[in-house]
Amino acid sequence: MSEPIFQVIETELGRGVTYDCGCPCTPTAVLSVNEVGSEHCCCGKVHFAGAGAATAMDAYLAERKATRTREPEYTRGAGTIEVDGAAVEVAWAFPVD
Ligand SMILES: [Zn+2]
Ligand SMILES: [Zn+2]
């Protein structure tokens, strides 16, 4: 599976980070000032955007692994995307199929 290409979009809730998920959705992690945005798409892919995105993703996936019996393994990655001239952290985890 190739790495997602993130892009910034405007949403009703403010700026968000999305990617071409390959399903009918436009999963969007809405950027807010103090929090990391995330979306766990119905197709199983997860992404986070904002300061501490990778750390928040770690905690999220660890929690799921601890509480779910059928949690998949994920291919994971992290990077940055430029928003208004500043680098914003992004992290992603896609189920291994
Ligand atoms: Zn979806
Ligand atoms: Zn999807």
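Here are some questions and answers about a predicted model, looking at one sheet and one of its residues.

Q: What makes strand 4 and strand 6 edge strands of the sheet?
A: Start with the strand order, which is 4-5-7-6 in an open sheet of 4 strands with antiparallel pairing. Strand 4 (37–40) and strand 6 (74–83) each have a single partner strand, so one side of each has no neighbour in the sheet. From one strand to the next, the twist averages 15 degrees.

Q: How do you know that strand 5 and strand 7 are paired?
A: Pairing takes at least two bridges between two strands. Strand 5 (residues 46–49) and strand 7 (residues 86–95) are joined by 4 bridges, so they count as a pair, and they run antiparallel. To see a bridge for yourself, look at Phe-48, whose partner in strand 7 is Ala-91.

Q: Which strands does helix 1 lie across?
A: Helix 1 (residues 53–67) lies across strand 4, strand 5, strand 6 and strand 7, and runs at about 25 degrees to strand 7.

Q: Why is Gly-77 called partly exposed?
A: Gly-77, which lies in strand 6, has 14 C-beta neighbours inside 10 Å. A buried residue needs 20 or more, and an exposed one has 12 or fewer. The count of 14 falls in between, so Gly-77 is partly exposed.

Q: What is Gly-77 in contact with, leaving aside its neighbours within four places in sequence?
A: Gly-77 is in contact with Glu-3 and Trp-92.

Q: How far is the C-alpha atom of Gly-77 from that of Met-57?
A: These C-alpha atoms are separated by 10 Å, and the two residues are 20 residues apart along the chain.

Conventions: Residues are numbered from 1 along each chain as its sequence is written. Chains are lettered from A and ligands numbered from 1 in the order in which they are written. This is a predicted model: local features need pLDDT of at least 70, side-chain atom pairs count only at pLDDT 80 or more; totals for chains, interfaces and linings use all residues. Helices (H or I, at least four residues) and strands (E, at least two) are DSSP runs, numbered from the N terminus. Axes are lines fitted to C-alpha atoms, for helices over the stretch in contact, and angles run from 0 to 180 degrees between N-to-C directions. Two residues are in contact if their C-beta atoms, placed from the backbone, lie within 7 Å.
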